[in-house]
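Work through the following exercises with the sequence and the 3D structure open beside you. Each task is followed by a solution that proceeds step by step.

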Amino acid sequence: MNIEEGIRQSFDVLRANKARSLLTMLGINFGVLSLVAISIIGLSFRGFIGREMAKYGSEIMWVFANNRAYARGEPRTQLDGADVDYFRRTLPGLQYSTTFYYINARAVARGRGQSVSLFGVDTDYFQIFAASRRIAEGRALLPDDDLYRRPVCVVGPEIAGLLFGAEDPMGKRVSFLGRAFTVVGVTAPQESTFVSDGTDDTTIFVPQSFVAARIFGGREKRYYVLLLKFSDLPSVDNAVIRMENYLEKKYGLLRGEKRFRVMKFDTFIQIADNVLNIVSLLVLVISAISLLVGGLGIMNIMLVTVTERTQEIGMRMAVGARRRDVLSQFLIEAVVLCLLGGFIGAALGAVIAAVACTLLAWPFIFSLASVVIGLAVATAIGILFGLYPAWKASRLTPIEALRVEV
Amino acid sequence: MSLIRLRGIGKVYELGLARVTALKGVDLEVGDREFVTVMGASGSGKSTLMNIIGCLDRPSSGVYELDGRDVSRLTDSELAAIRNRKVGFVFQTFNLLPRVPSWRNVELPLVYSRVPAAERRTRAFAALGRVDLADRALHRPNELSGGQRQRVAIARALVNHPSIIFADEPTGNLDSRTGLSIMALFQRLHGEGATIIMVTHEMDIALHARRIIYLKDGRITGDERIKKPKHADKELSKMADLEEDELTEAIEKHS
């Protein structure tokens, strides 16, 4: 029997047993679905990461307290001004360095109160986050603003709407921290981003000294986090070594652990990538198990089919079907069942991945390879688990097959 | 020349320790264009004989020549090819595929002889025409009457132009009137040149053939030519007349 004929007959059988065929396919559906979905999601995630990397440049790194070294509630060692000055002076290739402070406050504009989050930032902050903290209107904060303690601020688009309604916020006044600030800039709506500093469209950015003064009072300013951007990657690697050496020499270890963590954007991404790999592996295991169970389901239903259709097998042999015709017919039926299940699974998987990518604002990257592999696996399952029932059918002799009462 | 020539055909089944001898040295010749009935009680070996003649099974001993070719020692695949091209089977239970229309059932032997699809369709429709079912080609078996189903099965047996048609109790699942119409069809096909071998246990049906072979305990015990076979068409029209008379009578009684 040629393959075309076998496929035609398979569809006749499928049509006659719709519900049963569909239920049998479920395992394959799910297996291929998870395979395709995780492949596409993984690919899209990496595409998204690539986009993020390009946005910020991968030459970013940051230093912060190594929380692992400390007990709960134990005061963290923080960088002081001398450390930061030292880094700024000595690290080659350094372009920008910044930190930020954050407090909640109550803002009043046009007689109406609103609770807001205030971020004390500097000019370098807007340089490093140029891509994600774009200024839509007006200007960013300047070094002078901090130097002369000018009461100016840059507002997020959402909080601007809440405070000033439909009016243009530029030049308007808003009061918090006991004084009135003039709005000099509005940020563009934020795109989804992988690295977040905690700011969003409701944030108000003010010169750093206002917020720092509120937090530290008369004490010396400390740096919870220091963000650095270099001109090139070798400078980043060099900086990591020098900073770690400096910090260890100056502050020493805490119970054998480093007090600070120096992290490269690269490393950070790598960690996210590792998490994704673990998740992918888990999904692949689930996929493999459901394919196996699906295959056993196929084998089961094919055995039932062969028993049910023993007379048909006898008749086919009587009109000239050879053993291998019978074998290939039932094998093709099993493969068609699996492939159909695979197609449905691949389609659903792609749809699920597309929905996930839309929700996460990741670029949807279709993975044809995963679909091809999914279908190839489905075919292999069909052959593997269809072989025994098909072989059983082909071993019947025409007389005994015809004699069977159904 | 004989189409079928059996010489000393024996068949022994090994059922565990028991040996059952189903056929004991059967000699038989059937010529081209014969219409033969095989009769016998159950256990007489007639099914075994039919299976061997129909190439569904191989004899344990003896020589079977079909169309001048010794087929008693062929492989499974070679036997399948013989069944495909030389033999057409008609079963008691029709054995049609319930899922597909008549013509797809009829084309089945052609599928196994690798005839191209378009030609298969043409020949299937032609074969359905020969059994007066051209207008039922697109109907599925469950949309057909018992007699029509058996005619689809006969069309399937005819479609590859076999040398012999085998019919195993072809009227066993049909009422007597429909059975007669099937006999009428066989007689017509025989008249058109077909060789038919039929198994039945009904003498009424057997008498439509030209020759009856009796089997008992694995041996042929009788082989007779029928001088005046029954004519199924005439019987049918007689039956129709009778029914019409009865109907008129019944109506008269009632009114």
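**Exercise 1.** Find the helix of chain A in which A:Ile289 lies, and state which residues make a nonpolar surface patch with A:Ile289.

*Solution.* In this predicted model, the helix that holds A:Ile289 is α9 of chain A, which covers residues 265–308. The patch is then found by listing the partners of A:Ile289, which are A:Leu281, A:Val285 and A:Val293, and together these side chains make a nonpolar surface of about 370 Å².

**Exercise 2.** Decide whether the radius of gyration of chain B agrees with that of a compact globule or departs from it.

*Solution.* Begin with the chain length of 255 residues, for which a compact globule would have a radius of gyration near 18 Å; chain B has 20 Å, and so the two agree. Next, take the dimensions of the C-alpha trace, which spans about 70 × 45 × 40 Å along its principal axes. Finally, turn to the interior and the fold: 51% of the residues of chain B count as buried, and its secondary structure comprises nine helices and ten strands. Of the contacts in chain B with a separation of 6 or more, 68% join residues 24 or more positions apart.

**Exercise 3.** Describe the contact between chain A and chain B by its residues, its buried area and its salt bridges.

*Solution.* First, count the participants: 25 residues come from chain A and 25 residues from chain B. Second, take the area buried between the two chains, which is about 2300 Å², with carbon and sulfur atoms giving 54% of it; on the side of chain A, the residues A:Met315, A:Val319 and A:Ile399 supply 25% of the area buried against chain B, more than any other three residues. Third, add the charged pairs, of which there are five salt bridges between the chains. One salt bridge joins A:Arg8 to B:Glu107, with the closest N and O atoms 2.5 Å apart, and both residues belong to a network of salt bridges that also links A:Glu5, A:Asp12, A:Arg15, B:Arg104 and B:Arg120.

**Exercise 4.** Explain why the salt bridge between A:Arg255 and A:Glu74 ties together parts that are apart in sequence.

*Solution.* The closest N and O atoms of this pair are 2.9 Å apart. A:Arg255 lies in the loop between α8 (233–251) and β13 (260–264), whereas A:Glu74 lies in the loop between β1 (60–65) and β2 (79–80), so the pair ties together parts of chain A that are 181 residues apart in sequence. As to accessibility, A:Arg255 is exposed at 57%, while A:Glu74 is partly exposed at 22%.

Technical notes: Residues are numbered from 1 along each chain as its sequence is written. Chains are lettered from A and ligands numbered from 1 in the order in which they are written. This is a predicted model: local features need pLDDT of at least 70, side-chain atom pairs count only at pLDDT 80 or more; totals for chains, interfaces and linings use all residues. Side-chain values use heavy atoms; hydrogens and water are left out. Patches are made of residues with over 30% relative accessible area and no salt bridge: like charges are joined within 9 Å, nonpolar side chains (Val, Leu, Ile, Met, Phe, Trp, Tyr) within 5 Å. Accessible areas come from the Shrake-Rupley method with a 1.4 Å probe; for residues, only the protein chains shown count as cover. A salt bridge is a side-chain nitrogen of Lys or Arg within 4 Å of a carboxyl oxygen of Asp or Glu. Helices (H or I, at least four residues) and strands (E, at least two) are DSSP runs, numbered from the N terminus. The radius of gyration is taken over C-alpha atoms; the globule rule is 2.2 Å times the number of residues to the power 0.38. Buried means under 20% relative accessible area, exposed over 50%, partly exposed in between (1.4 Å probe, protein chains only). Contact means heavy atoms within 4.5 Å. Buried area is the accessible area (1.4 Å probe) that two parts lose on being put together, summed over both.
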